[in-house]
Amino acid sequence: MLAKHPAYRIICLDKLTYAGNLSTLKPVMDKPNFSFVQTDICDREAVDKLFEEEHPDIVVNFAAESHVDRSIENPGIFLQTNIMGAATLMDACRKYGIRRYHQISTDEVYGDLTLSAEAKPFTEKALLRPSSPYSSSKASADLLVMAYHRTYGLPVSISRCSNNYGTYQFPEKLIPLMIVNALSDKPLPVYGEGLNVRDWLYVEDHCKAIDLIIHKGRVGEVYNIGGNNEMRNIDIVKLICKELGKPESLITHVTDRKGHDMRYAIDPTKIHNELGWLPKTKFADGIKKTIKWYLENQKWWQDIINGEYQHYYKKMYGNR
Ligand code: DAU
């Protein structure tokens, strides 16, 4: 955004929970039109103070507790951050005035599909049928966003993306976890048979779609942002082994996730027709770029996995 819109002033508000990491912002920290504020989006006083001082005209809510496995262990914080946090931000938008509030949502709000070819990808008109505490909290926030639009006339939009991958992704998600484990010759924990399907979207393609929606998308609308790239987990993990020259014998099938959604797939025709967006990065290229980044930025992820992450890893994978 800083490169594309040099005249914009961008404020990044982040609580810096376990998944936040200031070193990720290093490349932009000293830019004159960028500032960082460490705050919880649920902290009404701090959020109001920031709005009073800065009067942002566009707010994009990326903030969320986002990991399904963690939501199964501890739903409470997901309800707090994902629902109450969105409400707090929108209340500030109402109070101080805003040109656009954009909510980053997820394809998981639609629930899962079967593997049958007859089961067609979800459009924006599909019912919300979330399965996990995480996706229920995101669906709740989406409902709240639309309610604020209807009740208070807040100029909102929502985007629902499929599975992101790429640089700087916290190594609890499938792709970075497998890269980091493979690089350390550690077991690659595949849930169940690994036949679950996800639709992979390169992070920069996702960001380009968000940029389009906040500038040209219609107020009060939902846009699906899908990668047109459905793949089985097991095939992704095998591909990572191949790219890194690691043996597939590292793959270990572990106990499945509770309530594990079988397949996610969304139809991005609306954003294509209205805003001309299409995912540009082919998976074969995106995964190479991603692996290269993790190879070249070992300090970034090693600092993460040497810290609190070890307790998480032991707790989540120790008994599987
Ligand atoms: O679809 C968008 C969603 O994608 C986002 O809304 C979520 O915030 C994001 O976490 C992601 O959800 P998933 O649950 O699909 O992503 P995750 O990387 O956790 O898992 C991807 C698939 O890989 C899923 O079928 C579970 C499986 N898996 C995951 C991990 C971490 C494994 O087999 N082994 C693992 O160790």
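A polar contact is taken here as a pair of N or O atoms within 3.5 Å. In this predicted model, the side chain of E108 meets that criterion, because one of its N or O atoms is 2.7 Å from an oxygen atom of the ligand and the cut-off is 3.5 Å. Two further side chains approach ligand oxygen atoms in a comparable manner of description: a polar side-chain atom of K173 lies 2.8 Å from an oxygen atom of the ligand, and for R257 the corresponding distance from a polar side-chain atom to a ligand oxygen is 2.6 Å. Taken alone, the ligand exposes 700 Å², and the protein buries 96% of that area.

The shell around the ligand comprises 25 residues, among which T106, D107, Y134, R257 and H260 come nearest. By class, this shell has 11 nonpolar, eight polar and six charged residues. With regard to secondary structure, the helix α6 (174–183) and the strand β7 (188–191) each supply at least two residues of the shell around the ligand.

R257 also appears in the lining of the second largest pocket, together with D69, I72, E73, T255, D256, K258, K315, M316, N319 and R320. About 250 Å³ of space lies in this pocket. Its lining has seven charged residues, alongside two polar and two nonpolar ones. The helices α3 (68–73) and α12 (309–317) each contribute at least two residues to the lining of the second largest pocket, and the largest share, three residues, comes from α3.

Charged side chains were also examined for pairing within the protein. The structure holds 22 salt bridges, including one between R99 and D57, in which the closest N and O atoms are 3.4 Å apart. This pair links distant parts of the chain, the two residues being 42 residues apart: R99 is in the loop between α4 (76–96) and β4 (100–106), whereas D57 is in the loop between α2 (44–54) and β3 (58–61).

How values were computed. Residues are numbered from 1 along each chain as its sequence is written. This is a predicted model: local features need pLDDT of at least 70, side-chain atom pairs count only at pLDDT 80 or more; totals for chains, interfaces and linings use all residues. Side-chain values use heavy atoms; hydrogens and water are left out. On a 1 Å grid over the protein atoms alone, a cavity is a set of points where a 1.4 Å probe fits but cannot get out, and a pocket is an open set with protein on both sides within 12 Å along at least five of seven lines; lining residues have an atom within 4 Å of a point. Grid points are joined across faces, edges and corners, and a volume is the space filled by probe spheres set on the points. Helices (H or I, at least four residues) and strands (E, at least two) are DSSP runs, numbered from the N terminus. Ala, Val, Leu, Ile, Met, Phe, Trp, Tyr, Cys and Pro count as nonpolar, Asp, Glu, Lys and Arg as charged, and the others, Gly among them, as polar. A residue is near a molecule or strand if one of its heavy atoms lies within 4 Å of it. A polar contact is a pair of N or O atoms within 3.5 Å; within protein, one must be able to donate a hydrogen and the other to accept it, and residues adjacent in sequence count only if both atoms are side-chain atoms. Accessible areas come from the Shrake-Rupley method with a 1.4 Å probe; for residues, only the protein chains shown count as cover. A salt bridge is a side-chain nitrogen of Lys or Arg within 4 Å of a carboxyl oxygen of Asp or Glu.
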